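This report is written for a reader meeting the structure for the first time. It moves from a buried charged residue to the strands, and then to the surface.

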Amino acid sequence: MSPGRGPAPGLATPHPLGALLPSVYQDDDFVQRFTAGLDDVLAPVLSVLDCLDAYVDPALAPEDFVAWLEGWAGLERDEDVPLERRRAMVASATAAYRMHGTARGIAATVRALTGAEPAVRDTGGATWSVSPVAAPPEPAAPEVVVTVPPGLDVDLRASDRAVAAAKPAHVPHRVEVAP
């Protein structure tokens with residue numbers, strides 16, 4: 001369990017329950033001790049609720065909450081990827097979803113994962129003709145090739161999985177390191 005979401009000895013509650021009771025109970029020692037015990041249990045909950053915006057911010061969230069945010073954003077959790085890269089991927093997930101399946105979207109996903117600017121080549125696989133009666137040319141085979149700069153500590157398997165999730169399902173791909 002992460003710090004701040006469990007027993008926290010000495011954590012004072014901002015709203016003690018004993019003070020909120022009617023005056024007849026405020027003088028009762030047993031009731032005050034009983035509610036003080038509840039205050040100790042509820043203080044971490046109130047602390048989390050008071051800081052909820054920090055828990056849903058990928059840059060500030062505890063590590064186990066980043067894993068929860070990955071699932072919330074529809075990202076596949078990958079333990080091989082460093083925490084800071086996972087935070088960047090969660091932060092860029094909404095922008096990446098707007099461009100999902102495009103070369104820009106694939107580049108944004110790989111950039112968030114590796115921290116480097118990749119080159120994305122998409123063959124397109126589309127054809128056209130200027131003549132309405134002519135047979136269209138032989139269609140090019142669709143393929144996406146992602147090239148990451150050399151000299152980086154890039155996990156090609158993690159990059160391959162990220163590209164597979166970011167590209168159209170029917171398009172083959174490969175990830176390579178530039179020479």
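Is Arg86 buried or exposed? In this predicted model, Arg86 is buried, with a relative accessible area of 3%. The cut-off behind that word is a relative accessible area under 20%, so Arg86, at 3%, falls in the buried class.

**Arg86 and its surroundings**

Arg86 is placed in helix α6, which covers residues 83–91. When neighbours within four places in sequence are set aside, Arg86 is in contact with Glu63, Val66, Ala67, Glu70, Arg77, Asp78 and Val81. One of these contacts, Glu70, forms a salt bridge with Arg86, and the closest N and O atoms are 2.9 Å apart. This pair links distant parts of the chain, since Glu70 belongs to helix α5 (residues 63–72) and Arg86 to helix α6, with their positions 16 residues apart in the count. Glu70 is itself buried, with a relative accessible area of 3%. Between Arg86 and Glu76, the separation is ten residues in sequence and 10 Å in space, C-alpha to C-alpha.

**Salt bridges**

How many salt bridges does the count come to? The count comes to seven. Three of them are set out below.

| Acidic residue | Basic residue | Closest N and O atoms |
|---|---|---|
| Glu70 | Arg86 | 2.9 Å |
| Glu84 | Arg87 | 3.5 Å |
| Glu176 | Arg174 | 3.4 Å |

For the pair Glu176 and Arg174, Glu176 is partly exposed at a relative accessible area of 29%, and Arg174 is partly exposed at 35%. Elsewhere, salt bridges with shared partners join Glu63, Glu70 and Arg86 into one network.

Glu84 and Arg87 both lie in helix α6, three residues apart, which is about one turn of the helix. Their surroundings differ in class: Glu84 counts as exposed at 55% relative accessibility, whereas Arg87 counts as buried at 11%.

**Pro58 and Thr13**

Arg87 also appears among the contacts of Pro58, which, leaving aside neighbours within four places in sequence, touches Val66, Leu69, Arg87, Val90 and Ala91. Pro58 is found in the loop between α4 and α5. Is Pro58 buried or exposed? With 12% relative accessibility, Pro58 counts as buried. Pro58 and Pro149 are 91 residues apart in sequence and 26 Å apart in space, C-alpha to C-alpha.

Thr13 lies in the segment before α1 (17–20). At 17% relative accessibility, Thr13 counts as buried. Not counting residues up to four places away in sequence, Thr13 touches Asp39, Ala43 and Leu46.

**The strands**

Strand β2 (residues 144–148) and strand β3 (residues 173–177) run parallel and are joined by five bridges. Within this pairing, Val146 has Val175 in β3 as its bridge partner, and Thr147 has Glu176 in β3. The acidic residue of the Glu176 and Arg174 salt bridge is thus also named in the strand pairing, as the partner of Thr147.

Strand β1 (residues 119–122) is joined to β2 by four bridges, and these two strands run antiparallel. Val120 stands opposite Val146 in β2. Val146 is therefore paired with Val175 in β3 and faces Val120, in a strand of which five of the five residues are buried.

Why is β2 described as largely enclosed by the rest of the structure? The reason is that five of its five residues are buried. Val144, Val146 and Val148 point one way from β2, while Val145 and Thr147 point the other way, and all are buried. Together, β2, helix α9 (residues 156–166) and β3 make a right-handed β-α-β unit.

**A nonpolar patch on the surface**

Which residues make the nonpolar surface patch of about 750 Å²? The patch is made by Phe30, Phe34, Leu38, Val41, Leu42, Val45, Leu49 and Leu52. Helix α3 (residues 29–50) gives the most to the patch, with seven residues. Leu52 lies in helix α4 (residues 52–55) and is partly exposed, with a relative accessible area of 41%.

Methods
Residues numbered from 1 in each chain as written. Predicted model: local features only at pLDDT ≥ 70, side-chain atom pairs only at ≥ 80, totals over all residues. Heavy atoms only, no water. Patch = residues over 30% accessible without salt bridge, like charges linked within 9 Å, V, L, I, M, F, W, Y side chains within 5 Å. Areas by Shrake-Rupley, 256 points an atom, 1.4 Å probe, with all protein chains shown as cover. Salt bridge = Lys/Arg side-chain N within 4 Å of Asp/Glu carboxyl O. Buried < 20%, exposed > 50% of the residue type's maximum accessible area, 1.4 Å probe, protein only. Contact = heavy atoms within 4.5 Å. Pairing = 2+ DSSP bridges. Right-handed = clockwise from strand over helix to strand, strands pointing away.
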